[in-house]
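This report describes selected features of one protein chain, with attention to its charged pairs, strands and cysteines. The sequence and structure follow.

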Amino acid sequence: MSETVIEAAVPAPVMPGMRVAVLGAGKMGGILLQAFLKNNLLAADQIVATVQHPERAQALSAQFGVEVGIDNLAAAEQADVILLGVKPIQVPALVNLIRPALTPQKLLISIAASVKTRSIEDAAGCDLGVIRAMPNTPAMISAAVTALCAGRFTTPEQMAIAMRIFQTVGRAVVVDEKHMDAVTGLSGSGPAFLYIIIEALAEAGVNVGLPRDVATLLAAQTTLGSARMVLETGYHPALLKDAVTTPAGCTVDGILELEEGGLRVTLIKAVKRATQRAKELANG
C-alpha cells in the first residue's frame, strides 16, 4: 500500500503582493534580506537584490533563493519599495542612476548614515516617498533598534510599511529628522561603547580571580538582563539601580568608584562627540 505524503503548507508572507529591491546587499542590506525571509515578511520571489560583483550575486542568490544581480536600475524598476544599502558617499550617484525608475507611487528607504531625505528627494526628481532609517548592528540577531524619519512626501501608509520592515530585526521608532544625528551618536555608535563596557567588566572579573570565559559570560548576560529590565518593566534606570544598591553594601562602593572615574560624564561626552561627527558628515 502506497503512503500518502502530506506536505506542510507554506505560510503566506506577511506583506504579499509587494516587491522589494535591496540595492547593495552588503552587511546591513544582507542582514535585512535574511530577516525578511526568516520572519516570512516576504516570499523569495518578492525580493530582488544587487551587489557589485557577479560572483557575489551568484553566491547570494544560491544562499537565499532570491534574484540577485548587478543592475541597480533593473532592480529598481521591478520594485514597489527600494532599499538603499550602499555607503553614504555612494547614495547620490545611485539615486541618479535609478532615477528613471522612480515614481511617486514608490517608496525609497535609505539606511545610509547622515544622508538627508531632502537630498534624496532632490536627486529623485519627483514627489517620492523617502524614509531615512538608522538601524544598528544587533540587527544581526534580530535585536536592533531602528529610528525612522519621514521625508516631505511620505504617507502614513508608507511609514507603516517601513515600521513593519524594520520590526523584523528588532524594535523601530519614528523620530523627527532633526534628531537623526543624535540617534546615530546614541544607538548607532552605542553598541561599540557597550562592548567596551562589557570588555572592561570581564577584565575586572579576571582581575578578581574569575576564569575569562566565566567573566565574559557574567558581564554579557548581566548587561543583557539589565537592558531587558529597563525595557520590560518600564522603570527608570535610576530606580532599578537603587533597587540593587543596598545601604552600606558592595554596590554603593562600586558606584562611588564609577562616579569618581567619570564614567557617566565620559559616556555622555562619547555620545555627544559621535553626534557631532554625524552632523559634520551630514553637512559635507
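## Arg212 and its salt bridge

In this predicted model, Arg212 is partly exposed, with a relative accessible area of 48%. Arg212 forms a salt bridge with Glu203, and the closest N and O atoms of the two are 2.8 Å apart. Glu203 is likewise partly exposed, its relative accessible area being 39%.

## The salt-bridge network around Arg152

The structure holds 11 salt bridges in total. Four residues, Arg118, Glu121, Asp122 and Arg152, are linked in a network of salt bridges. Within this network, the side chains of Arg152 and Glu121 meet at 2.7 Å, N to O. This pair connects distant parts of the chain: Arg152 lies in the loop between β7 (144–150) and α6 (156–166), Glu121 lies in helix α5 (residues 117–124), and the two are 31 residues apart.

Arg152 also meets Asp122 in a salt bridge, here at 3.8 Å from N to O. This second pair again links distant parts of the chain, with Asp122 in helix α5 and Arg152 in the loop between β7 and α6, 30 residues apart. The partners of Arg152 sit in contrasting surroundings. Glu121 is buried, with a relative accessible area of 3%, whereas Asp122 is partly exposed at 48%. Arg152 itself is partly exposed, with a relative accessible area of 45%.

## Strand β4 and its neighbours

Strand β4 (residues 81–84) directs Val81 and Leu83 one way and Ile82 and Leu84 the other way. Which of these residues are buried, and which are not? All of Val81, Ile82, Leu83 and Leu84 are buried.

Strand β4 pairs with strand β1 (residues 20–23), to which 4 bridges join it, and the two strands run parallel. One position in this pairing is Val22, whose bridge partner in β4 is Leu83. Strand β4 also pairs with strand β5 (residues 107–110), in the parallel sense and over 4 bridges. There, Val81 stands opposite Leu107 of β5. Between these two strands the chain passes from β4 through helix α4 (residues 91–98) to β5, in a β-α-β crossover that is right-handed.

## Arg19, ahead of strand β1

Arg19 is placed in the segment before β1. Arg19 is a buried residue, with a relative accessible area of 17%. The side chain of Arg19 makes a polar contact with the side chain of Glu67, at 3.2 Å.

Neighbours within four places in sequence left aside, Arg19 is in contact with Asp45, Gln46, Ile47, Val48, Glu67, Gln78, Ala79, Asp80 and Val81. Val81, named in that list, is also one of the buried residues of β4.

## Cysteines and the absence of disulfides

How many disulfides does a search of the whole structure find? The search finds 0. For Cys149, the explanation is distance: the closest cysteine sulfur, in Cys126, is 18 Å from the sulfur of Cys149, so the two are too far apart for a bond.

The cysteines also illustrate opposite degrees of exposure. Cys149 counts as buried, at 0% relative accessibility. Cys250, by contrast, counts as exposed at 73% relative accessibility.

## Helix α7 and its packing

Helix α7 (residues 180–188) has the buried residues Met180, Asp181, Val183, Thr184, Gly185 and Ser187. These buried residues pack against two strands and two helices, namely β6 (129–134), β7, α8 (190–207) and α12 (263–282). Strand β7 thus appears twice in this account: as a packing partner of α7, and at one end of the loop that holds Arg152.

## The chain as a whole

The secondary structure comes to 12 helices and 8 strands. The protein has 284 residues, of which 38% count as buried. Along its principal axes, the C-alpha trace spans about 70 × 65 × 35 Å.

Among the contacts in the protein with a separation of 6 or more, 64% are between residues 24 or more positions apart. The salt bridge of Arg152 with Glu121, 31 residues apart, and that of Arg152 with Asp122, 30 residues apart, are individual examples of links between distant parts of the chain.

Notes:
Residues numbered from 1 in each chain as written. Predicted model: local features only at pLDDT ≥ 70, side-chain atom pairs only at ≥ 80, totals over all residues. Heavy atoms only, no water. Buried < 20%, exposed > 50% of the residue type's maximum accessible area, 1.4 Å probe, protein only. Pairing = 2+ DSSP bridges. Right-handed = clockwise from strand over helix to strand, strands pointing away. Disulfide = S-S within 2.5 Å. Polar contact = N/O pair within 3.5 Å; in protein donor to acceptor, adjacent residues only side chain to side chain. Contact = heavy atoms within 4.5 Å.
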